[in-house]
Amino acid sequence: MKSIIENVTDDIWKIRANSNIYFLDFEKKIIIDTGDRGLRQQTKQFLLKVVSLDKVEIVIFTHLHYDHIGNFDLFSDAKFYASQDAISDYKNNPEGTVLVKDIAEKFKKINLKPIHDEIQGLKVIKTPGHTKGSICLWYEKEKILFSGDTLFGKKSHGRLDLPTSVPGNMRESLMNLVKYNYKILCPGHDY
Ligand SMILES: [Zn+2]
């Protein structure tokens, strides 16, 4: 599979690598999701075109599936954030939360911090469904919604049959996202 990097705006890049990684060149350098470990070399190569990895200060996970956390350890100096629900699910059931045992094990060395309502101008929206701890991020200034695996283009949504899914909450989460009249959708996958 090819990895592709493209600009979303002047200071936001998207890297396609099975799942999408976003780099935000804000006052602090931010990564949203870190992609699939199977594409580690390509991911690193493309990211290095736009940022030195040790300059990334904040990594935010929309949720903790293996294809979104896989390359967490490329960012040696970053602080890592996920929702409290995602962190609790991971503590209770690492393999069920990550879906791949080996990645769940590697991820144990990370110091995950709970994310609050806002981080660096990004509003945190809780969207339980695909996983209990899924979040979306809203960048009001450019009306961009980073939607993880909650909402994809063409109005489709993430799977609801995984170990930490809460299918009964998905409808309300999607209805909540409708309120954000986004101009640009930045989903976790280009399905
Ligand atoms: Zn997922």
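Here is a walk through the fold, from the whole chain down to a few single residues.

Keep in mind from the start that this is a predicted model. The protein chain has six helices and 12 strands. Its radius of gyration is 15 Å, close to the 16 Å that the globule rule gives for 191 residues, so the chain is as compact as a globular protein of that length. If you lay the C-alpha trace along its principal axes, it spans about 40 × 40 × 30 Å. Of the 191 residues, 45% count as buried. Now take the contacts with a separation of 6 or more: residues 24 or more positions apart account for 62% of them.

Let's turn to the strands. Strands of a sheet pair through backbone hydrogen bonds, either parallel or antiparallel. One open sheet here has seven strands in the order β1-β2-β3-β4-β5-β6-β7, and its pairing is mixed. At its edges sit β1 (4-9) and β7 (112-114), each of which pairs on one side only. From one strand to the next, the twist averages 25°.

Start at the β1 edge of that sheet. β1 runs antiparallel to strand β2 (residues 12-17), and five bridges join the two. The link between them is a hairpin through two residues. To trace the register by eye, look for Ile 4 opposite Arg 16 in β2, then Ile 5 opposite Ile 15, and further along Asn 7 opposite Trp 13. When you follow those positions, it helps to remember that in a regular strand the side chains alternate between the two faces of the sheet.

On its other pairing, β2 meets β3, again in the antiparallel sense, over six bridges. Another hairpin makes this connection, with one residue between the strands; Asn 18 in the turn has a positive phi of about 65°. Right beside that turn, Ala 17 has Ser 19 in β3 as its bridge partner. How enclosed is β2 by the rest of the structure? Five of its six residues are buried, so the strand is largely enclosed.

Next comes the helix that covers this part of the sheet. Helix α1 (residues 40-47) lies across β1, β2 and β3 (19-25), running at about 160° to β2. Which of its residues are buried? They are Thr 43, Phe 46 and Leu 47. Seen down the axis of α1, these buried residues fall within an arc of 100°, so they line one face of the helix. An α-helix has 3.6 residues a turn, so residues three or four places apart point the same way. In α1, the buried residues pack against β1, β2 and β3.

Moving on along the sheet, pick out Ile 31, which belongs to strand β4 (residues 29-32). Why does Ile 31 count as buried? It has 27 other C-beta atoms within 10 Å, and the cut-off for a buried residue is 20 or more. Leaving aside neighbours within four places in sequence, Ile 31 is in contact with Ile 21, Phe 23, Val 56, Val 59 and Phe 75. For a sense of distance, try Ile 103: this residue is 72 residues from Ile 31 along the chain, and their C-alpha atoms are separated by 19 Å.

That leaves another sheet to visit. Five strands form this open sheet, in the order β8-β9-β10-β11-β12, and here too the pairing is mixed. Its edge strands are β8 (118-119) and β12 (184-187), each pairing on one side only. At the β8 end, β8 and strand β9 (residues 122-126) pair in the antiparallel sense over two bridges. To find the spot in your viewer, look at Glu 118, whose bridge partner in β9 is Lys 123.

Methods:
Residues are numbered from 1 along each chain as its sequence is written. This is a predicted model: local features need pLDDT of at least 70, side-chain atom pairs count only at pLDDT 80 or more; totals for chains, interfaces and linings use all residues. Two strands pair if DSSP finds at least two bridges between them. Helices (H or I, at least four residues) and strands (E, at least two) are DSSP runs, numbered from the N terminus. Axes are lines fitted to C-alpha atoms, for helices over the stretch in contact, and angles run from 0 to 180 degrees between N-to-C directions. Two residues are in contact if their C-beta atoms, placed from the backbone, lie within 7 Å. A residue is buried if 20 or more other C-beta atoms lie within 10 Å of its own, exposed if 12 or fewer, and partly exposed in between; C-beta atoms are placed from the backbone. The radius of gyration is taken over C-alpha atoms; the globule rule is 2.2 Å times the number of residues to the power 0.38. The arc is that of the directions from the helix axis to the C-beta atoms.
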